[in-house]
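Reader: Please take a close look at the charged side chains in this model. I would like to know which of them pair, where the partners sit, and how far they are covered.

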Amino acid sequence: MRKKNAIVIMSVLALSGTGISAYPLTVEDYCDLSVSAPARIKDVTPLPDGESYAAVSEDHRSIDIYSYKTGKKTGVLFSIDGQKGDLKISEFEGYELSANGRKLLLWNDSRKIYRHSFTAEYYVYDIMRSTVKRVSSKGAQRAATISHDGRFVAYERDNNIFISSLDYGTDNQITKDGAKNKVINGSPDWSYEEEFGMVSSMRWSGDDNVLAFIRFDETDVPEYSFDNYRSYCDGNPEEDVYPSSYKYKYPLAGYPNAVVSVNAYDLDNRVIKKMDLPITSTDYVPSIEFGGEDGNRLMVMVLNHDQNHLRLFSVNPLSTVGKQIYTESSDAWLSPQSYQMVDYDKSGFVIASEKSGYRHLYRYDYSGALRRQITKGDFNVTAYYGQNSTTGAYYMQTTSLGAINRNIATVDSNGVMRLLNDEEGTASADFSGNHSYYVMTYSSASQAPQYSICSSKGVKLHDLELNKGYMAKYADAPRMEFLKVKNAEGEDMDAYIIKPSGFDPSKKYPLLMYQYNGPDSQQVLNRWRMEGIFYIASQGYVVACVDGRGTGNRSRKWANSVYKRLGQLETLDQIAGARYFASLPYVDSARLACFGWSYGGYMTLMELGASDSPFKAGVSMAPVTDWRFYDNVYTERYMLTPGQNRSGYEMSSAMRYTSGVKGRLLIMSGTSDDNVHFYNTLKYASKMNSEGKLFDMMAYAGFEHSLGMCNARVQLFRKILDFLNSNL
């Protein structure tokens with residue numbers, strides 16, 4: 001029988017150094033990422049020969065070479081102990097291999113900026129000579145990228161681009177107009193990093209004679225500021241008698257975004273030219289890449305402000321002349337998951353599109369002519385891995401076995417598709433450069449990640465990691481079970497349920513509905529997870545989740561249904577899911593709660609405020625509370641601007657429904673969240689205060705959106721459990 005505040009559950013078996021022993025699972029085993037995460041292999045870097053790959057050693061002192069065919073170590077690419085010359089580094093955090101395989105770009109002493117970006121000290125290691133050169137001694141660098149031949153490194157510092165010549169030891173400043181919160185050259189602004197996944201906007205041409213880059217003029221973007229309270233994760237937080245103020249450019253919905261232009265620097269002539277492209281002041285440029293026979297054709301994507309019309313241009317960076325070779329439009333939004341799935345080769349490019357109603361791959365030549373539709377059917381392509389230039393076979397990841405599964409597939413030169421793995425679950429691949437081998441990662445709801453090396457025909461050659469000891473440790477932990485649940489319109493929704501440890505079908509359990517449900521997102525996936533919601537289940541709760549309308553990897557019609565009215569249909573579907581689970585004989589229909597993070601936190605507020613809400617309690621973590629308070633790239637993609645869609649914004653605001661909140665609320669946020677600002681939580685709390693409503697609130701001083709610092713998630717889920725126990 002469950003004890004109300006217990007945080008230790010029944011012992012399970014785990015492998016120890018001396019054999020099998022009892023292991024009591026605790027809250028840390030579920031919520032501490034250093035404990036709950038299964039073993040994983042080091043990131044694999046394919047080497048130019050196509051037969052071997054590089055991986056960082058266990059002690060992180062070397063980068064070793066392995067054979068795909070045998071899985072055995074065959075050499076060392078870099079070693080801390082093998083450096084020669086006057087300059088030596090004592091550690092490295094990451095690396096990038098030059099295209100010719102002769103140089104390594106290494107970095108250390110990194111300092112985080114936003115979710116993906118950082119500054120660091122960069123070095124170049126000559127593999128043949130075993131010598132190290134510093135990229136720059138004039139200050140930390142950002143977004144460094146090494147040329148194909150390994151002779152140059154371009155980077156950004158203080159919003160300007162520099163090029164370091166390793167042959168001559170020079171460090172030249174290329175742009176002069178960069179200024180904080182005004183102009184950025186070479187690195188993206190906050191919006192492009194967060195919403196387009198861009199970390200660097202610099203690209204080398206195939207012959208390394210041209211460096212193309214995007215210039216961001218954010219002068220007219222409003223400045224956002226918040227007090228930055230140091231947390232006790234930082235050293236000596238009590239020294240800060242006054243909090244610091246953090247200011248950066250953050251365009252809210254309806255406000256100007258950065259004005260962008262595409263430029264190219266000619267290394268021979270030392271001249272910067274602006275590309276002659278029809279980019280308006282409100283357009284986006286989500287990517288630039290080089291392609292073509294010699295790799296000197298600059299491919300530029302231009303997306304309109306409403307994000308429903310995409311154009312692709314082929315540009316000569318020397319003459320600046322561009323030609324439109326591809327275009328696509330949508331009645332709703334164009335998903336970045338599609339147009340960012342693009343690959344440029346010598347004779348043409350492969351790009352994903354959802355114009356058929358599902359995401360499929362299409363091949364075009366550089367004149368813009370469609371050569372073939374590579375995949376087709378009522379499923380989605382979720383990743384593209386490239387083409388074997390010898391056999392002509394294409395490789396990709398698909399939802400062929402259902403939206404909750406991911407399988408590796410190949411399409412041969414005759415257009416015949418075949419799955420390389422046919423197990424239900426989630427499989428992904430990391431291919432060698434010649435597409436003769438791949439490293440496969442596979443997991444399911446009942447199987448922790450397994451890593452193996454396979455041939456391009458799908459034949460397993462050897463295993464790298466099976467996580468057997470880890471699986472034994474979690475042998476009796478709660479598991480996801482998948483099912484279909486009807487939504488408000490009688491349509492099937494993918495769903496899962498997690499039953500409590502020691503489940504007894506004759507008992508009645510409280511229910512926690514977990515969700516995210518943002519557009520094109522997906523929570524119901526047949527993959528391994530071991531996190532906080534499993535801890536909640538282990539403590540005597542039924543946990544359930546449904547992917548309602550708007551979520552991804554169903555049909556385009558399913559996703560587009562929420563266009564210009566976020567939160568409305570999703571709320572109906574989440575409540576329909578909750579009512580279904582409440583009807584089960586082992587669920588206590590009087591004890592229902594909901595919980596979500598970010599968009600899921602927003603959904604919690606919408607569900608608690610609904611007139612027919614069945615929830616007695618809800619936990620909202622880092623929520624958007626009104627879409628006017630969130631960034632314009634994300635929000636306007638689905639809602640257009642507040643001026644274009646005023647009623648949609650009004651109806652989609654969680655602030656509108658505070659008077660209907662009857663269940664007990666716990667709302668939590670980090671005060672230094674640069675993504676979903678703490679202001680969202682404060683505005684919602686203020687509205688609740690003005691209406692005299694009782695609720696609970698928790699602030700994490702100095703924490704950002706994911707609460708990844710100081711192992712905060714352990715305390716977070718202990719708090720959630722305490723709140724649920726007190727109110728259910």
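Author: This is a predicted model. Arginine 628 is partly exposed, with a relative accessible area of 43%. The partner of arginine 628 is aspartate 626, and the closest N and O atoms of this salt bridge are 3.1 Å apart. Aspartate 626 has a relative accessibility of 4% and counts as buried, because the cut-off for that class is under 20%. The salt bridge thus has one buried partner, aspartate 626, and one partly exposed partner, arginine 628.

Arginine 363 and aspartate 345 also form a salt bridge through their side chains, with an N to O distance of 2.9 Å. Arginine 363 is in strand 28, which covers residues 360-365, whereas aspartate 345 is in the loop between strand 26 (342-344) and strand 27 (348-353), so the pair ties together parts that are 18 residues apart in sequence. With a relative accessible area of 10%, arginine 363 is buried. Aspartate 345 is at 22% relative accessibility and therefore counts as partly exposed, since the buried class ends under 20%.

In the salt bridge of arginine 157 with aspartate 171, the closest N and O atoms are 3.9 Å apart. This pair links distant parts of the chain, 14 residues apart: arginine 157 belongs to strand 12 (residues 152-157) and aspartate 171 to strand 14 (residues 170-173). Both arginine 157 and aspartate 171 are buried.

Side chains of opposite charge can pair when their charged atoms come close. The structure holds 29 salt bridges. Some charged residues are joined in a network of salt bridges, made up of Glu354, Arg359, Asp520 and Arg556.

Other acidic residues belong to a surface patch. Asp207, Asp268, Glu293 and Asp294 form a negative surface patch. One of these residues, aspartate 268, lies in the loop that runs between strand 20 (259-266) and strand 21 (271-274). Aspartate 268 has a relative accessible area of 58% and is exposed, because that class begins over 50%.

An uncharged residue can be set beside these. Serine 67 is in strand 5, residues 62-67. At 13% relative accessibility, serine 67 counts as buried. Leaving out residues up to four places away in sequence, serine 67 touches Glu51, Ser52, Tyr53, Lys72, Thr74 and His462.

Note on methods:
Residues numbered from 1 in each chain as written. Predicted model: local features only at pLDDT ≥ 70, side-chain atom pairs only at ≥ 80, totals over all residues. Heavy atoms only, no water. Patch = residues over 30% accessible without salt bridge, like charges linked within 9 Å, V, L, I, M, F, W, Y side chains within 5 Å. Areas by Shrake-Rupley, 256 points an atom, 1.4 Å probe, with all protein chains shown as cover. Salt bridge = Lys/Arg side-chain N within 4 Å of Asp/Glu carboxyl O. Lys, Arg positive; Asp, Glu negative; His and termini not counted. Charge placed at Lys NZ, Arg CZ, Asp CG, Glu CD. Helix = DSSP H or I, 4+ residues; strand = E, 2+ residues; numbered from the N terminus. Buried < 20%, exposed > 50% of the residue type's maximum accessible area, 1.4 Å probe, protein only. Contact = heavy atoms within 4.5 Å.
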